[in-house]
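User: I'd like to go through this model with you, a few questions at a time. Can we start once it's on the screen?

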Amino acid sequence: MRSAFSRHAALYRGGPSLVECFASTVRGVATMPPRMAPASMAVAAAQPTHQEIEEFAAAPTNSTIPTHDEFWRKIPVWKDVPVEDFLSYAWGIKHTVQGEGKLAHFLEQVLPDQVPMDDVTDSGNKAGIQTREELVADVIDGIKTATMSTRMTPYILSRINWSNPRNDPVFRQFIPVKSRMLPDHPKLMLDSLDEHADSPVSGLVHRYTDKALFLPTSVCPTYCMFCTRSYAVGADTDSVKKAPMKPTKRRWEEALGYVESQPGLHDIVVSGGDAYYLQPEQLAYIGKRLLAMPNIRRFRFASKGLAVAPARFLDDKDAWFQALTFVAEKAKAAGKAMALHTHFNHPNEFSWVSEQAARRLWDAGVLVRNQTVLMRGINDDTATMSTLIRTLADNNIFPYYIYQCDMVEKVEHLRTPLQTILDLEAQIRGSIAGFMMPQFVVDLPGGGGKRLACSHMSYDRTTGVSKFVAPAVTGRDKANKVYEYYDPVDSVVTANGRD
Ligand code: SF4
């Protein structure tokens with residue numbers, strides 16, 4: 001396996017690395033065009049001529065993002081970081097900010113003396129200001145309350161507007177602020193989708209007839225406050241002792257052996273955690289194992305990497321991209337489908353780096369789909385969600401799902417009532433081609449699987465309770481089961497005029 005993969009990886013090498021090309025263009029030395037996709041170059045039998053390269057570089061681009069905006073230099077501690085370092089995956093790993101102490105230290109360096117309070121005062125805050133020290137203390141209190149540990153890549157930290165972080169849609173997803181949090185709805189749970197109950201072996205969730213979810217790891221490049229798998233993913237927190245999915249051969253073989261033994265299984269999601277935290281050899285191994293199973297027709301690797309650490313797709317010193325394209329080519333040769341599922345939640349997460357990474361995946365023939373989580377004060381308005389969907393589409397990333405935020409603990413302040421997702425779907429449908437229109441879904445609490453939000457059998461707006469059925473999901477005791485989603489408490493109180 002390794003030698004075949006190494007041969008494949010070698011196809012992408014030779015000549016200047018992609019990072020060197022970007023560095024040259026940032027410095028104004030036109031040695032290689034920024035839009036050149038090295039995967040295409042590598043796959044082509046002949047190297048393009050210098051004239052072809054120049055013509056390619058001169059071609060107009062539809063991009064609305066400045067190609068060589070060195071946005072990370074706005075962060076004081078990274079003001080001297082050259083593009084070569086910023087595009088290096090090893091540099092990104094080394095400078096990832098992880099845990100309470102490191103995050104507090106980072107915040108002390110990056111926050112202004114005074115920080116504006118929330119524009120949306122849904123947690124009772126009065127508009128005004130907070131000092132740097134007050135916000136740092138507020139974040140530490142948030143970390144002590146949250147179910148997810150903190151870890152953020154330099155890329156995603158660089159996408160935050162640090163002059164007004166409390167109102168920034170990226171900051172709000174990853175950094176818990178105690179004064180923004182709301183008391184949990186009594187129905188919120190750690191494992192709200194009841195994945196444990198649908199796991200015949202450790203790290204393998206078999207809920208649908210033909211599809212299963214394989215969790216080879218429980219580590220991610222960045223931890224999201226709203227993670228549906230907060231019972232397992234990331235380090236222990238003050239409030240949660242995790243049930244980690246360790247990447248051990250014994251556990252993997254048990255899960256893959258189960259997949260192999262089920263003739264009705266045709267489709268596997270390889271998630272976690274995040275497939276970005278699998279070693280390239282591990283990624284290639286899982287891909288080859290699945291491709292060798294006659295019952296498996298398609299699978300996807302789930303990774304937030306494209307949204308939070310896109311430079312890895314451009315860094316030829318790291319072999320993850322090569323491993324992914326190696327599996328994609330093997331899948332193509334076998335007449336099977338492999339895709340990458342990623343996770344953008346807001347247009348601000350895009351930059352020229354993610355554009356180039358998406359372009360490289362497209363050129364390499366890797367199908368990329370996106371799953372977005374709907375969150376209050378982040379992407380719950382039509383303009384933001386429309387822009388996100390269009391940006392994804394323009395980067396050949398297929399908008400697949402918009403999820404109603406799961407009913408997991410400590411995310412009450414991020415949840416929206418069901419009405420919000422219904423309104424968004426109604427407003428946006430028709431604004432873009434149908435095949436680029438995502439499905440607006442609720443992942444039913446208790447394990448009913450994903451259902452279109454608009455397919456609810458009832459929705460009582462006075463109690464905030466919506467009910468769904470899932471006739472095709474019949475495992476365990478699920479036949480004829482009715483699943484309930486509960487709107488956030490404060491939205492129900494407000495709707496009833498009792499606020
Ligand atoms: S990347 Fe996915 S699995 Fe990891 S913390 Fe975020 S939502 Fe959870």
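User: Is Arg 476 buried or exposed?
Analyst: Keep in mind that this is a predicted model. Arg 476 sits in the loop between strand S15 (465-469) and strand S16 (482-486). A residue with 12 or fewer other C-beta atoms within 10 Å counts as exposed. Arg 476 has 12 other C-beta atoms within 10 Å, so Arg 476 is exposed.

User: And what is the phi of Arg 476 near?
Analyst: Most residues other than glycine have a negative phi. Arg 476 isn't a glycine, yet its phi is positive, near 45°.

User: Is Lys 410 buried or exposed?
Analyst: Lys 410 also has a positive phi, near 65°. Its place is the loop between strand S11 (397-404) and helix H17 (418-428). The bar for burial is 20 or more other C-beta atoms within 10 Å. Lys 410 has 24 C-beta neighbours inside 10 Å, so it counts as buried.

User: Which peptide bond is cis?
Analyst: Most peptide bonds are trans. Look at Gly 273, in the loop between strand S7 (267-270) and helix H12 (280-291). Both Gly 272 and Gly 273 are among the residues surrounding the ligand. With omega near 20°, the cis bond is the one from Gly 272 to Gly 273.

User: How many residues of the shell around the ligand are charged?
Analyst: The residues surrounding the ligand include Asp 274, Arg 229 and Lys 304, along with others such as Tyr 223 and His 343. The shell splits into five nonpolar and three polar residues, and the charged ones number three.

User: Where does the largest nonpolar core lie with respect to domain 2 and domain 3?
Analyst: This core has 115 residues, and Phe 214, Phe 226, Leu 283, Leu 324 and Val 327 touch the most other members. Its largest share, eight residues, comes from helix H14 (residues 320-333). Domain 2 (73-180) and domain 3 (196-495) both give residues to the core, so it lies between them.

User: Which residues is Leu 283 in contact with, leaving aside its neighbours within four places in sequence?
Analyst: Leu 283 is one of the core residues that touch the most other members. Its contacts beyond those neighbours are Ala 275, Leu 278, Phe 301, Trp 320, Ala 323, Leu 324 and Val 327.

User: Which strands stand at the edges of the nine-strand sheet?
Analyst: The sheet is open and mixed, in the order S5-S6-S7-S8-S9-S10-S11-S12-S13. An edge strand has a single partner strand, so one side of it is left without a neighbour in the sheet; that goes for strand S5 (204-205) and strand S13 (449-452).

Technical notes
Residues are numbered from 1 along each chain as its sequence is written. This is a predicted model: local features need pLDDT of at least 70, side-chain atom pairs count only at pLDDT 80 or more; totals for chains, interfaces and linings use all residues. A residue is near a molecule or strand if its C-beta atom, placed from the backbone, lies within 6 Å of it. Ala, Val, Leu, Ile, Met, Phe, Trp, Tyr, Cys and Pro count as nonpolar, Asp, Glu, Lys and Arg as charged, and the others, Gly among them, as polar. Helices (H or I, at least four residues) and strands (E, at least two) are DSSP runs, numbered from the N terminus. A nonpolar core is a set of buried Ala, Val, Leu, Ile, Met, Phe, Trp, Tyr and Cys residues joined through C-beta atoms within 7 Å. Domain bounds come from an automatic or database domain assignment. Two residues are in contact if their C-beta atoms, placed from the backbone, lie within 7 Å. Two strands pair if DSSP finds at least two bridges between them.
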